[in-house]
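Biologist: I am new to this model. Please take me through one part of it closely, and explain the terms as you go.

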Amino acid sequence: MESLGNLLIGFGVALTPYNILIVTLGVFLGVVIGVLPGLGGTSGVAILLPLTFVMEPTSAIIFLSSIYWGALFGGVITSILFNIPGEPWSVAATFDGYPLAKQGSAGYALSVAFIGGFFGSFIAIILFSFFAPPLAELALQFGPPEYFAVMLLAFSTFVGLGGGSAIKNLTSALIGFLLASVGLDIVTGTPRLTVDTVVLLSGFNFVIVCIGLFGIGEILLSAEESLAFTGEQAKIGLRDILATLGDMFRRWYIWFTSTLLGFWIGVLPGTGATPASFMAYGIAKQYSKSPEKFGTGVMEGVLSTQSAAQAAGIGSLLPLVTLGVPGSPTAAVMLGGLYIWGLQPGPLLFIEKPDFVWGLIASMYIGNVVGLLMCLFLVPLFAAILRIPYAILAPVIVLVSTVGSYAVNNRLFDVWLMLFFGVVGYTFKKLQIPLAPLAIALVLGDMTETALRQSFIMSQGSLGIFFTRPIAATCSIVAVFLFAFP
């Protein structure tokens with residue numbers, strides 16, 4: 001009952017005219033960002049984060065999260081109509097979505113993706129609303145050893161469950177830690193790794209690095225590929241919506257189990273929507289009565305992937321708000337925003353800033369509805385964006401990125417830094433080194449180091465403190481197993 005009361009307070013915050021406008025604008029921009037291959041939710045949130053510096057923290061996090069919800073909806077449009085994943089997590093949607101579109105059922109395929117994703121998000125938001133308070137209460141028992149063990153678990157999930165090369169995942173995280181250590185030592189206050197320059201005393205700004213890695217890096221990669229878009233036409237009619245609702249509720253077990261799976265994977269630190277969508281697709285295929293039809297255009301393939309992806313997007317914010325540990329790269333960018341706005345994520349946030357937390361949770365319900373309606377009625381408009389020449393889109397995105405980077409500290413050095421990390425992001429993509437571990441290590445580096453050094457002070461330098469306290473021991477043992485798993 002307490003959660004319901006707090007949720008009503010949150011709706012009082014989220015339903016103000018200004019915040020409704022913020023949600024609508026954020027979702028619209030998110031869908032556009034999701035539609036454009038080469039950007040994505042993480043890039044979009046990073047590029048637009050400087051716009052939030054003039055907003056109140058509650059409106060700012062609502063704006064960024066709405067961009068995220070919009071990108072989750074928008075990424076599937078290009079996957080189904082153009083067979084080009086607008087987002088990494090929408091790759092699995094191409095397997096059956098594009099074949100359906102080729103068969104003349106593009107409107108039906110999009111309707112399944114949007115309505116399935118809507119119901120998946122709705123269930124995930126309910127779980128978020130009722131799981132967040134008890135998790136926050138548990139986190140109040142955390143000391144430095146527990147926080148370090150949770151951080152260790154976050155990075156071990158990248159190595160053990162991240163897919164691809166474990167060495168590349170680990171290398172990316174270590175580079176992120178190295179960048180995080182530039183500046184003043186958090187204990188002694190002495191400069192380190194600054195190469196005797198004043199400009200690096202404050203370290204590398206997370207926003208600038210992310211704009212470079214995810215924004216400029218993707219633009220360089222897309223420019224190299226000379227993207228040109230040709231695809232199917234689509235308009236969602238009432239018949240498509242009614243057919244979708246009927247088919248969904250006859251196969252309710254698919255979207256329900258995919259939603260639960262996606263939410264659980266999203267909550268795991270460092271995972272996000274991409275592995276959730278692939279796992280949900282694989283499970284739906286494995287337990288289908290006609291697995292051989294998957295890949296030829298079956299609605300179950302679209303329904304499972306989008307339900308899981310949307311639920312994982314919601315779930316990734318749960319550890320961010322309750323523990324200060326992002327569940328996905330996009331959540332990591334939002335975590336950087338919380339620090340910029342002067343907020344400390346974690347269990348005390350529920351006590352000190354209840355309007356902020358519950359306003360965010362309430363805005364999820366609103367953003368989910370806005371995203372569904374916007375996509376159902378404006379699909380032709382969003383699909384038309386892909387027919388704008390890429391030679392026009394790319395310079396506009398670079399211009400917005402440059403202005404955003406300069407606005408952080410009002411210095412030209414940051415623009416050069418953004419361009420440098422853009423080249424780094426492009427190089428990492430070409431070498432197939434994941435960027436997510438680097439980004440999360442950069443934003444969590446100081447917190448991880450602080451927890452580690454405080455733990456050693458408490459134990460007089462003994463590692464045993466991480467294996468003698470119940471919560472820390474559980475997380476540490478699982479983390480060691482995941483590091484060894486590959």
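What is the relative accessible area of Phe 28, and is Phe 28 buried, partly exposed or exposed?

Modeller: Phe 28 is partly exposed, at a relative accessible area of 32%. Buried means under 20% relative accessible area, exposed means over 50%, and partly exposed lies in between (1.4 Å probe, protein chains only).

First, the ground rules. This is a predicted model, where local features need pLDDT of at least 70, side-chain atom pairs count only at pLDDT 80 or more, and totals for chains, interfaces and linings use all residues. Residues are numbered from 1 along each chain as its sequence is written, and side-chain values use heavy atoms, leaving out hydrogens and water.

Now the surroundings. Phe 28 sits in helix α2, residues 17-35. Helices (H or I, at least four residues) and strands (E, at least two) are DSSP runs, numbered from the N terminus. The chain has 22 helices and two strands.

Phe 28 helps make a nonpolar surface patch of about 540 Å². Val 369, Leu 373, Phe 377, Leu 378 and Leu 381 make up the patch with Phe 28. Helix α17 supplies the largest share, five residues. Patch residues have over 30% relative accessible area and no salt bridge; like charges are joined within 9 Å, nonpolar side chains (Val, Leu, Ile, Met, Phe, Trp, Tyr) within 5 Å. A salt bridge is a side-chain nitrogen of Lys or Arg within 4 Å of a carboxyl oxygen of Asp or Glu. Accessible areas come from the Shrake-Rupley method with a 1.4 Å probe; for residues, only the protein chains shown count as cover.

Next, the interior. The largest nonpolar core has 148 residues. Ile 80, Phe 114, Phe 128 and Leu 444 have the most contacts inside it. Helix α17, residues 354-385, gives the most to this core, with 16 residues. A nonpolar core is a set of buried Ala, Val, Leu, Ile, Met, Phe, Trp, Tyr and Cys residues joined through side-chain atoms within 4.5 Å.

Look at Phe 114. Leaving aside neighbours within four places in sequence, Phe 114 is in contact with residues including Phe 73, Leu 372, Cys 375, Leu 376 and Val 379. Contact means heavy atoms within 4.5 Å.

Ile 80 leads to Ala 93. Not counting residues up to four places away in sequence, Ala 93 touches Ile 80, Val 76 and Thr 305, among others. Ala 93 is buried, at 1% relative accessible area. Ala 93 and Thr 305 are 212 residues apart in sequence and 6.2 Å apart in space, C-alpha to C-alpha.
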